[in-house]
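Here's a quick tour of rings, charges and greasy surface in one chain. Have the model open while you read.

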Amino acid sequence: KWMFNILSYFIQKSFSIISILSEREYRLFWIGAVFSNLGMWILISGRLWLMHLLTGSATMLGLLTFANTIPILIFSMWGGVLADKFNRLQTIRFTRSLFALQAFVTAALIISNLMTPWLLITIAFLTGMLLAFDIPARQSIIADIVPKSRLLEAIVLYSIIFGASSVIGPAFFGPLVSTLGIASIFIVIGITYVVTVITLFMMKQLKIRESQATGSTWENLLAGLSYVRHHRLISGLLLLSASGGIFGYSFTTVLPAFVDQILAGEVENYSTLLFGLGIGGIIGTGTTGFLKAKTSPWTVQSIVAIGTGAGLILFSQTTTLLSSVAAICILGLFTAVFRTSNNAFIQQSVEDQYRGRVMSIHQLSWGITSIGGLFTGALSSYAGVSTALMISGLLFLALTLAIVLLRKPDRVSQQ
């Protein structure tokens, strides 16, 4: 009987999550996100592999990640202010159009043999500038197009796209690079963004929000920081997210070096690792959808943060393709639950008038991977990639433990 109850709950919850697609504007946004997430996922992996081909240096891989994410760290909060003041849909249309243009330009530079490591870093920096304004608007717009009672389901279904993209991407990545060359990857990326822009223009214009921010940019920025500082749950979740950005997620930066040093350096092995990471991500994101409304955010985040650190340490000690794929699948599962639940808990807790600014601070966890990526890349060049990954895992566990000890559940559960 208990098996029947579990199966019944699973089916009911799955249909509940999927039914959010009945909302027209969310459905169009979700379809566009399918293509844009696929494009962004391939873009990040493609650039790392291209830099690996150009230089063979783990330090340069770290520098590339730094260039792509440091603008997010610097400008994301300004993007959050704009997301609360202006039309979020128009912002996303603009940034996605430029993403498409950048991808086609990158492909042209590769085909004409004009691409250099520093030119690639410059393009990555420009992408980061766009992301600083794109991410807060994109994360915040979900609350504008679905009822608040269904926000968790909308976020989970949106997050599943990220995991699915990291599975579908490797299916194309290896064969395309092997048969048509690395330039073909960026042509595919450009096409995915063109499709995304088309779906965004099919959406109706958003109504002016009653809670739309007023006042000067500086006033709105300071108001957002003050709101976060006084909201204990949100500030605690943001600290955990930042710790993940520094040490928990930066392992992806040195995956090409891991493949080169541990797994014989074949692009097919790199593609297989990314596939395993994606499978774990899908399972983890799907699991997040079954969290109950009254689940303690602090308990969930603490458990999966420990799982992420342990998974990273486990992955660092693997030496064969099979063991590496198994370990990175586990790592991908915990990472996905950590990131998706963190996003969902924050979105459920934040007031609409501060949503853009709070989500921009939340996205600093991605921007702060600029530091983590640079650290992991440099350490990989000095001590080897396995040692660098193990140290990152240990530091992530230590930082998580410190945050947990400083933020007791009975305190963070209150504003």
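Start with Arg93, which lies over the face of Phe201, at 4.6 Å from the ring centre. Keep in mind that this is a predicted model. A second arrangement of this kind involves Arg339: its charged end sits over the ring of Tyr249, 4.0 Å from the centre.

**Rings with rings**

Tyr249 also has aromatic company, as it forms one cluster with Phe338 and Phe396. How many aromatic pairs are there? Counting rings whose centres lie within 6.5 Å, the total comes to eight aromatic pairs. Take Phe247 and Phe375 from that set: their ring centres are 5.9 Å apart and the planes meet at 80 degrees, so the pair is edge-to-face. This pair links distant parts of the chain, with Phe247 in helix α9 (residues 232-248) and Phe375 in helix α16 (residues 369-383), 128 residues apart.

Is Phe247 buried or exposed? Its relative accessibility is 15%, so Phe247 counts as buried. Phe375 comes out as partly exposed, because its relative accessible area is 30%.

Now back to two members of the cluster. Phe338 and Phe396 have ring centres 6.1 Å apart and planes at 85 degrees, so this pair is edge-to-face as well. Phe338 belongs to helix α13 (residues 321-349) and Phe396 to helix α17 (residues 385-406), so their contact ties together parts that are 58 residues apart in sequence. Both of these phenylalanines are buried.

Here are the two pairs side by side:

| Pair | Centre distance | Plane angle | Type |
|---|---|---|---|
| Phe247 and Phe375 | 5.9 Å | 80 degrees | edge-to-face |
| Phe338 and Phe396 | 6.1 Å | 85 degrees | edge-to-face |

**Out on the surface**

Next, a look at the nonpolar side chains outside. Phe104, Ile111, Ile187, Ile191, Val194, Ile198 and Met202 make a nonpolar surface patch of about 620 Å². Which helices each supply at least two residues of the patch? They are α4 (88-111) and α7 (182-202). Of the contributors, α7 gives the most, with five residues.

Met202 is one of the patch residues, and it is found in helix α7. Why is Met202 called partly exposed? Its relative accessible area is 44%, and partly exposed covers the range between the under 20% of buried residues and the over 50% of exposed ones.

Notes: Residues numbered from 1 in each chain as written. Predicted model: local features only at pLDDT ≥ 70, side-chain atom pairs only at ≥ 80, totals over all residues. Heavy atoms only, no water. Patch = residues over 30% accessible without salt bridge, like charges linked within 9 Å, V, L, I, M, F, W, Y side chains within 5 Å. Areas by Shrake-Rupley, 256 points an atom, 1.4 Å probe, with all protein chains shown as cover. Salt bridge = Lys/Arg side-chain N within 4 Å of Asp/Glu carboxyl O. Helix = DSSP H or I, 4+ residues; strand = E, 2+ residues; numbered from the N terminus. Buried < 20%, exposed > 50% of the residue type's maximum accessible area, 1.4 Å probe, protein only. Phe/Tyr/Trp six-rings, centres within 6.5 Å; stacked < 30°, edge-to-face > 60°. Lys NZ or Arg CZ within 6 Å of the ring centre and 35° of its normal.
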